[in-house]
Amino acid sequence: MTAAREPSRVPVAEATGLSKRYGATVALHEARITVLPGETHALVGRNGAGKSTLVSLLTGLQKPDAGALAFHGEPAPAFGDTAAWRSRVACVHQRSTVLPDLTVTENVFLGRQSPSPLRPIRWRELHRRAGELLAAYGVDVDPTRRAGDLTVEQRQFVEIARALSLGSAFVILDEPTAKLDARGIERLFGKVRELRRQGVAFLFISHHLREVYELCDRVTVYRDARHVVTAPVSELGRSALVEAMTGEPESAAARNRTASVRTPGRALLSVDGLTLPGAYRDLSFTVRAGEVVGLAGSASSGAVRAGETVAGLHRAGSGRIEVAGRAVRGGDVPAALEAGIGLVPEDRHLQGLVTGRSVAENATLTVRGRLGPFGTVLPSRSREFTERMIEDLDIAAPGPGTPVAALSGGNQQKVVVARALATDPRVLVAIRPANGVDVRSKEFLLGRIGRAADEGGAALIVSDELDDLRVCDRVVVMFHGRVVAGFAGGWSDGQLVAAMEGMAGPREEER
Ligand SMILES: Nc1ncnc2c1ncn2[C@@H]1O[C@H](COP(=O)(O)OP(=O)(O)OP(=O)(O)O)[C@@H](O)[C@H]1O
């Protein structure tokens, strides 16, 4: 029997009438959610719908302005009683809460290394206990390792094990698959299913509706800070779900760009025999004016590093990068920019944004020279420019002066894309450009990248997301640092996935 058919059970978490404002912004308005024991409950909604705000209220990080919150039928702990909150609910955030310079053991037992402040910490004993605890949850990680050296997947498993060891039977997974490749997602889902069988409840937040259908029992939709619907996933089809999220019927699905009739122009980006030891070898491909080419591959394929090399973030050991027939100096970001290469980086937090600064400042970082004489920035021009961008990319922000930190994750990502497009790059390298962007905005944003190509540019989309690749004219697939396949159009998702998994597909004649 599914969780949905046993409403009599006491919810592990129940929120009613939750409201939260940030200044003039209403982030949540009388919202509710009920998570039952042992269920995997999805929370979906467009960028800015209020999902992360709910998470911060459910985990005691912020206080609601109004509303009631209960765990296992008991009112939530007092605000600020961190230990009490942690024993009721845990969250694997989009950004890691693991401290990278500490060992796995230290992270697992953070704040509880010793039974009393006067007793010395017995490390060997602690490592053993951490090892046992991780093993009990099926996590195969050496507890003496530095946490910063773990993969995203291992780090998430350590965070889940840590949460469960604190007694919490309720775990929030906030976009946990955003940085995992297909195999990593499979293993994460395997773990979630196993823990669900043991009675652990999950709140699962994702923009990938396929994952919602694959993993979850019930789904709750928020729209514009409000609760819209809660239903078993089996009773809410994809169109109904998208309609609940957007408030309007789903538009025609994004078509393969390959169906479009455009003749690519001259080669704008040529990569020849590029090798970065330890990452990829002998990489060659071209992207012509008017083309969107996908560089696809799982986390270990080297595709991301290859894209970053083109944008000047790494210096290749050998090989050549040319833009419109002219060699670009390697390992030099200003030289890449000068050559007309724009980048949407993989991690908007590390490489993308100055979050304390405004949307306008972030969006215009790359185009200062054009907004006033002698490198100055005329505020009126910057405002105008940013307003156009906000409009153009459908960025939900009160205005150009809003600090980026006050935007939801998906809207921050749109600022990163806006900034890359602002330079009118001849070659746009976009790494997982739609990361964290909702279903409707994703179509729009990928369409905008396509338009940059239609206007005569060249775009390279580096991704293992099928939605991102679907808009490409051609796809070059990498596996373990090598190009293993090329698809010139008309491919199926299955073929592409197989190639990314190392079961090579066809090789294109001309790449
Ligand atoms: N610290 C803050 N200061 C001001 N406004 C904020 C702050 N945090 C969130 N907001 C605003 O609250 C609203 C809800 O944001 P929230 O982050 O909860 O959305 P979300 O559903 O998680 O979106 P996404 O899918 O993009 O992550 C947005 O309009 C956002 O701009």
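Four strands come together in an open sheet, ordered β2-β1-β4-β5, with antiparallel pairing. Here strands are DSSP runs of E with at least two residues and helices are runs of H or I with at least four, numbered from the N terminus; two strands pair if DSSP finds at least two bridges between them. At the edges sit β2 and β5 (74–75), each of which pairs on one side only. Strand β4 (residues 66–71) runs antiparallel to β5 and is joined to it by two bridges. Phe71 has Glu74 of β5 as its bridge partner.

All of this comes from a predicted model, in which local features need pLDDT of at least 70 and side-chain atom pairs count only at pLDDT 80 or more, while totals for chains, interfaces and linings use all residues. Residues are numbered from 1 along each chain as its sequence is written. As for pLDDT, the predictor's confidence in each residue on a scale from 0 to 100, the protein chain averages 85, and 88% of the residues score at least 70. Over residues 1–5 the pLDDT drops below 50, and this stretch has 11 contacts beyond near neighbours in sequence; two residues are in contact if their C-beta atoms, placed from the backbone, lie within 7 Å. Residues 252–259 also stay under 50, with 13 contacts beyond four places in sequence. For the complex, the predictor gives an ipTM of 0.98 and a pTM of 0.80.

Next comes the ligand, which is surrounded by 19 residues, the closest being Tyr22, Asn47, Ser52, Ser408 and Gly410. Nearness here refers to a C-beta atom, placed from the backbone, that lies within 6 Å of the molecule. Two or more residues of this shell come from each of β2 (25–35), α1 (51–58) and α14 (409–422). Edge strand β2 of the sheet thus turns up again around the ligand. By class, the shell holds six nonpolar, 11 polar and two charged residues. In this scheme Ala, Val, Leu, Ile, Met, Phe, Trp, Tyr, Cys and Pro count as nonpolar, Asp, Glu, Lys and Arg as charged, and the others, Gly among them, as polar.

On a broader view, the protein chain is assigned domain 1 (3–98 + 169–246), domain 2 (99–149) and domain 3 (265–358 + 424–500), with bounds from an automatic or database domain assignment. Taken over C-alpha atoms, the centres of domain 1 and domain 3 are 33 Å apart. Where these two meet, 14 residues of domain 1 are in contact with 13 residues of domain 3. On the domain 1 side, α6 (182–197) and α8 (238–246) are the elements that give two or more residues, and the side is made up of five nonpolar, four polar and five charged residues.
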